[in-house]
Amino acid sequence: MKTLSKIAVMGLVFGLTFVLPGLIAVNSAGAFQEGPASGKISLFRADRRVYIPRTTVIFNIEVENDGPTTQDYQLTMVAFGPSGDEVFRSNVERIKLLPAGERKLVQFQWSTSSRTEAGVYTLTAGLRDIAQFDVVFDSVEKEDGIRFEVQAKPLIFLSDDAVDFGDFLPGETPGQNIFVSNIGNATLEWSITRVPDDWVELVSPVGDVRDTATIVLRIKQDAPINRKLSGELVIESNGGRREIPLSGKVRGVFSGDLERLRAAKGLYRQGETVALEYSVENDGTVPLDYSASVTLIAPGGAVAYDGVAVGENVRISLEPGAFQPLNFAWDIPLDAPLGFYEAYVTLAYWFDLDLVFYDALDPAFLKASSKAAISQLIEIKEGPLLVVDPTEWDYGAILVERETGSANIMITNAGGGTLEWELVSWPDWIDIAKPTTLKNVGGGNILARVRPSLPAGEYSGAIRLESNGGDISVPISISIALPATATPVPTATAEPTSTPSPTATPVPPLPTSTPLPSRPPPPPSTSTPVPPTATPVPPTATPVPPTATPVILAQATVEPTPTPTPSGGGCNAPLGSVSLASGLVNGLLLLAPLGLVVGARYGRRRSKR
C-alpha cells in the first residue's frame with residue numbers, strides 16, 4: 001500500500017513537470033492560429049487648439065491592441081505646416097507586449113520657435129508592426145489629421161532679468177545696458193513706462209520702439225546717498241510686460257556739521273533787518289552738496305520764518321574737511337510780535353532734503369547724533385511807524401497861469417526807535433521844494449508846488465514814501481481851467497404888428513423939387529459901435545420895395561449903450577433925438593407908396609385931357 005502511494009505521487013509530479021507545460025504550449029499555438037495580429041489608434045489629439053511661437057505643443061495618442069494576442073507596435077507622428085511641407089517628425093515610439101484588449105497612451109512634444117510660421121498645422125500618425133515595418137495596423141492621414149493653429153505673435157527677450165549698478169561715490173554716474181530683442185514671429189512694439197527717476201536716468205531709448213534696441217541707464221549725479229537704492233524698470237509691449245529690478249548703493253561716509261551761529265546784535269526793532277552768521281563743515285569722507293536753512297521761532301512757539309518753505313535755503317559744495325561761513329538776513333515785519341526769538345540752522349543733503357546732517361530743532365536727531373544744540377536768541381521791540389498828515393491833498397481848481405499854494409504834508413513817527421524814510425517818487429507836474437534830500441531821518445514835512453504854465457486839464461498822482469516804519473502813498477490832484485471869454489449880446493428885434501390899411505390922404509409937397517426915386521433910400525443904420533470884445537450888430541432895417549399896398553415895417557431898436565460921436569457927417573443928435581429921427585424916417589417910408597399911387601392917378605387924368 002505504501003509502495004503504491006509512492007508511485008502515485010511520483011506520477012503526479014512527473015505530469016505536472018512535463019505534461020502540463022506541453023499542453024499549455026499546444027493550447028497557445030492553437031490560439032495564435034485563431035486570427036491575425038491587429039492594432040488601432042483609438043485617440044489622437046493636441047492639448048490645445050491655438051499656440052504661439054516659442055511654446056511646446058503636446059500631442060496625445062492612444063494605441064489599442066484589438067487583436068487576439070499580445071503584440072509589439074511602433075508608433076510615429078508627423079506634423080505638416082500651413083504650406084503643406086513636413087515641419088516635424090517624431091522619433092519612433094516602441095510599444096512592446098501590449099496584451100490583447102489593452103490600451104496605452106503615448107505623448108509627443110514639439111516646440112515652436114520664433115521662426116515658426118503662423119497658420120494652421122496638421123498632425124498625422126502611423127501604427128506599424130515592430131518587426132515588419134511594412135505591416136501597417138492603423139494610420140491617420142493628412143485629410144483626417146488633427147489640426148491646430150500657431151498664431152503670429154511677438155515675444156520680448158531681455159538680456160538681463162535684473163540690473164545692479166554696484167557701489168559708487170556721490171556724484172559718480174555709472175551706467176548699465178539691457179539688450180531687448182524680439183523672439184516672436186511678428187513685429188514687436190514696446191516702450192519703457194516706469195523707471196526710478198529719483199536716482200536712475202533713462203538715456204535711451206525715449207518713446208515707442210520697434211523690435212530690437214538697447215536700453216541705456218545711468219545713475220543720476222544727484223542720486224540720494226547713505227542708503228541702498230532700489231527700484232523697478234517696467235517695459236510694456238505687444239509681446240508681454242516685463243519688470244526688471246534695479247539696485248545700487250552709494251559708498252562713503254556722509255556727514256556735515258554746524259560750527260557756530262551768532263547775531264550781529266541782540267536787540268532789534270520792527271522794520272529792521274536781523275543779521276546772522278554761521279559756518280558749515282563737511283566732516284565726512286566724500287564731497288557733498290549741502291542745503292543750509294535758517295528757522296526763526298517767534299514768542300509762543302510759532303514759526304516766524306522757514307528758509308526751506310520760502311525757497312531761501314542755501315547750497316554749499318564742500319570737500320571733505322572743508323568749511324564755509326555764511327550770512328543770513330531777515331527783514332522784520334512791521335507787525336511782528338514783540339519779544340524774544342530763537343534762530344536755528346538745519347543742514348541737509350542738497351539733492352535729498354530728507355537726509356539731514358544737523359537739526360537743532362529735532363531733539364531726537366540731536367540725541368541720536370550726539371551733536372550739540374546751537375541756537376541764537378534775539379529780542380524784537382516796537383519799531384518806528386510812518387504817519388502822514390494829511391493823507392491826501394487836493395489843490396482845487398485854478399485858472400491857467402494862476403499861481404496856487406504848496407501842498408504841506410507832515411511826516412511823523414508814531415512808533416518806537418528812529419524813523420528812516422525816503423521820498424521815492426512824485427508826479428512830474430509838481431516840484432518838491434522840501435526836503436532837499438531824498439533820504440531823511442526822523443520827522444519832517446514835504447512842500448510840493450504845482451509847476452507853472454501847465455495846460456488846462458485834470459491832473460492826479462501820488463507822492464510815494466518808503467521807510468523802516470512802513471510805506472505810504474499820498475494822492476494829490478488839481479484841476480486847471482481856461483479863463484471865461486465875453487460873448488456877444490443879441491440885439492432885440494420888435495415883432496411886427498399889423499396896422500390898419502391907410503386911407504388916401506393928400507400928399508404934402510415934397511421939400512424939394514427933385515422927382516421921387518423909383519425906390520426909397522434905405523434908412524440910416526441903427527447899429528452903434530460896441531466894445532472891442534463884442535462883435536458888431538448888423539443893421540436890422542431893410543429897404544422896402546415900392547408896392548401898391550402899404551407895407552408894415554418893424555422898428556429896429558438898439559441897446560441903450562453910450563456911443564462915441566462919429567466924426568464927419570451923420571446924425572449928431574443925442575440918444576433921444578436919434579430915436580425921433582428914426583420915427584420920422586419910418587413915417588416917410590410909410591407915406592411914400594401912397595404918394596406914388598396918387599401921382600400915378602393924377603398923371604393918367606392929365607393925359608386923358
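These notebook entries record what I looked up in a predicted model.

**Entry 1: Val150**

I began with Val150, which I located in strand β10, residues 146-150. I asked whether Val150 is buried or exposed. Its relative accessibility is 1%, so I entered Val150 as buried, the limit for that class being under 20%.

I then listed the contacts of Val150, leaving out residues up to four places away in sequence. The list consists of Tyr51, Ile52, Pro53, Thr112, Thr116, Glu117, Ala118, Gly119 and Tyr121. For one of these, Ala118, I looked up the backbone separation: its C-alpha atom lies 5.0 Å from that of Val150, although the two residues are 32 apart along the chain.

**Entry 2: aromatic rings around Phe148**

I searched the whole structure for aromatic pairs and noted 16 of them. One is Phe59 with Phe148, a tilted pair with 5.7 Å between centres and 50° between planes. Phe59 belongs to strand β3 (residues 56-64) and Phe148 to strand β10, so this pair ties together parts that are 89 residues apart in sequence. Phe59 is buried at a relative accessible area of 0%, and Phe148 is buried at 1%.

Phe148 has a further ring partner in Tyr121. Here the centres are 5.6 Å apart and the planes stand at 15°, so I recorded the pair as stacked. Tyr121 lies in strand β8 (residues 119-129) and Phe148 in strand β10, so parts that are 27 residues apart in sequence are tied together by this pair. Tyr121 is buried, as is Phe148.

Which residues make up the aromatic cluster that includes Phe148? I found Tyr51, Phe59, Phe88, Trp110, Tyr121 and Phe148 in one cluster. Two of its members, Tyr51 and Tyr121, are also among the contacts I listed for Val150.

**Entry 3: nonpolar cores**

I next examined the largest nonpolar core, which has 65 residues. Which of them touch the most other members? They are Phe165, Trp190, Ile215, Ile235, Leu246, Tyr278 and Trp330.

I followed Ile215 further, again leaving out residues up to four places away in sequence. Ile215 touches Gln176, Asn177, Ile178, Val180, Trp190, Ile192, Leu202, Ser204, Pro205, Leu233 and Ile235. Apart from the largest core lies another, of 27 residues, among them Phe108, Leu123, Phe137 and Val140.

**Entry 4: the sheet β20-β22-β26**

I traced an open sheet of three strands in the order β20-β22-β26, with antiparallel pairing. Which strands stand at its edges? They are β20 (257-263) and β26 (323-331); each has a single partner strand, so one side of each is left without a neighbour in the sheet. On average, neighbouring strands of this sheet are turned by 20° against each other, direction ignored.

I looked more closely at β20 and β22 (residues 273-281), which pair in the antiparallel sense over six bridges. Within this pairing, I noted Val280 of β22 as the bridge partner of Leu258.

**Entry 5: salt bridges**

I counted 16 salt bridges in the structure. In the one between Asp161 and Arg242, the closest N and O atoms are 3.1 Å apart. This pair links distant parts of the chain, 81 residues apart: Asp161 is in the loop between β11 (156-158) and β12 (163-168), and Arg242 is in strand β19 (residues 242-250). Asp161 is exposed at a relative accessible area of 53%, whereas Arg242 is partly exposed at 25%.

I then turned to Glu189 and Arg210, whose side chains meet in a salt bridge at 3.0 Å, N to O. Glu189 lies in strand β14 (residues 189-194) and Arg210 in strand β16 (residues 209-210), so the pair ties together parts that are 21 residues apart in sequence. Glu189 is partly exposed, with a relative accessible area of 41%; Arg210 is exposed, with 54%.

A further salt bridge joins Glu201 to Arg218, with 3.2 Å between the closest N and O atoms. Glu201 is in strand β15 (residues 200-204) and Arg218 in strand β17 (residues 213-219), so parts that are 17 residues apart in sequence are tied together. I recorded Glu201 as partly exposed at 30% relative accessible area and Arg218 as partly exposed at 33% relative accessibility.

Lastly, I noted a network in which salt bridges that share partners join Lys40, Glu62, Glu64 and Arg103.

Notes: Residues numbered from 1 in each chain as written. Predicted model: local features only at pLDDT ≥ 70, side-chain atom pairs only at ≥ 80, totals over all residues. Heavy atoms only, no water. Helix = DSSP H or I, 4+ residues; strand = E, 2+ residues; numbered from the N terminus. Buried < 20%, exposed > 50% of the residue type's maximum accessible area, 1.4 Å probe, protein only. Contact = heavy atoms within 4.5 Å. Pairing = 2+ DSSP bridges. Axes fitted to C-alpha atoms, helices over the stretch in contact; angles between N-to-C directions. Core = buried A, V, L, I, M, F, W, Y, C linked by side-chain atoms within 4.5 Å. Salt bridge = Lys/Arg side-chain N within 4 Å of Asp/Glu carboxyl O. Phe/Tyr/Trp six-rings, centres within 6.5 Å; stacked < 30°, edge-to-face > 60°.
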